[in-house]
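Hello,

Here is the structure I promised to pass on. Have a look at it first, and then read on for what turned up.

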Amino acid sequence: MITMMKKLLNYVIIFITLNKEAKANAKVLMDEAMDIGMAISKMAKTKVVDQKAKDALAQEVKEFNEAVNKFLDDLVIPD
């Protein structure tokens, strides 16, 4: 049991060490997700979904997609 705990702890340490840069990418990812939420909230408050609002939401989704792709590209999973 202790050996398994050591291996698990070692795995976690390696994962965190290899993914230091992923922390910064996770922050960008969360910011983009918040932007989508704010855009949807703005549309819900105004109760108007015009082309300008649709374009703004589409742009936020594109930026979120890019942030997700960067996060996943930079993620390192140790063997």
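By class, the lining of the largest pocket is made up of 6 nonpolar, 5 charged and 1 polar residues. Please keep in mind that this is a predicted model. The pocket has a volume of about 190 Å³. Its lining residues are Asp35, Met38, Ala39, Lys42, Met43, Thr46, Val48, Asp50, Lys52, Ala53, Ala56 and Glu60. Two elements each give two or more residues to that lining, namely α2 (20-46) and α3 (51-74). The largest share, 6 residues, is supplied by α2.

One lining residue deserves a second look, and that is Glu60. Glu60 sits in helix α3. Which residues does Glu60 contact, once its neighbours within four places in sequence are left aside? They are Glu32, Asp35, Ile36 and Ala39. Two of these names, Asp35 and Ala39, also appear in the pocket lining. Glu60 is buried, yet has no salt bridge. The nearest side chain of opposite charge belongs to Lys42, 8.4 Å away, and Lys42 is itself a lining residue of the pocket. Because a salt bridge needs a side-chain nitrogen of Lys or Arg within 4 Å of a carboxyl oxygen of Asp or Glu, Glu60 and Lys42 do not make one at 8.4 Å.

So where is a salt bridge to be found? The count comes to 1 salt bridge, and the side chains that meet in it are those of Lys27 and Asp31, at 3.3 Å from N to O. Both residues belong to helix α2, and because they are 4 residues apart there, about one helical turn separates them. Lys27 is exposed, with a relative accessible area of 53%, while Asp31 is partly exposed, at 36%. In general, side chains of opposite charge can pair when their charged atoms come close.

Finally, a word on the chain as a whole. The secondary structure comes to 3 helices and 0 strands, and from the N terminus on the elements run α-α-α. Of the 79 residues, 16% count as buried, and Glu60 is one of the buried residues. Among contacts in the chain with a separation of 6 or more, 82% are between residues 24 or more positions apart.

I hope this gives you a good start with the model. Do write back with any questions.

Best wishes

How values were computed: Residues numbered from 1 in each chain as written. Predicted model: local features only at pLDDT ≥ 70, side-chain atom pairs only at ≥ 80, totals over all residues. Heavy atoms only, no water. 1 Å grid on protein atoms, 1.4 Å probe; cavity = no way out; pocket = protein on both sides within 12 Å on 5 of 7 lines; lining within 4 Å. Points joined across faces, edges and corners; volume = space filled by probe spheres on them. Nonpolar A, V, L, I, M, F, W, Y, C, P; charged D, E, K, R; others polar. Buried < 20%, exposed > 50% of the residue type's maximum accessible area, 1.4 Å probe, protein only. Lys, Arg positive; Asp, Glu negative; His and termini not counted. Contact = heavy atoms within 4.5 Å.
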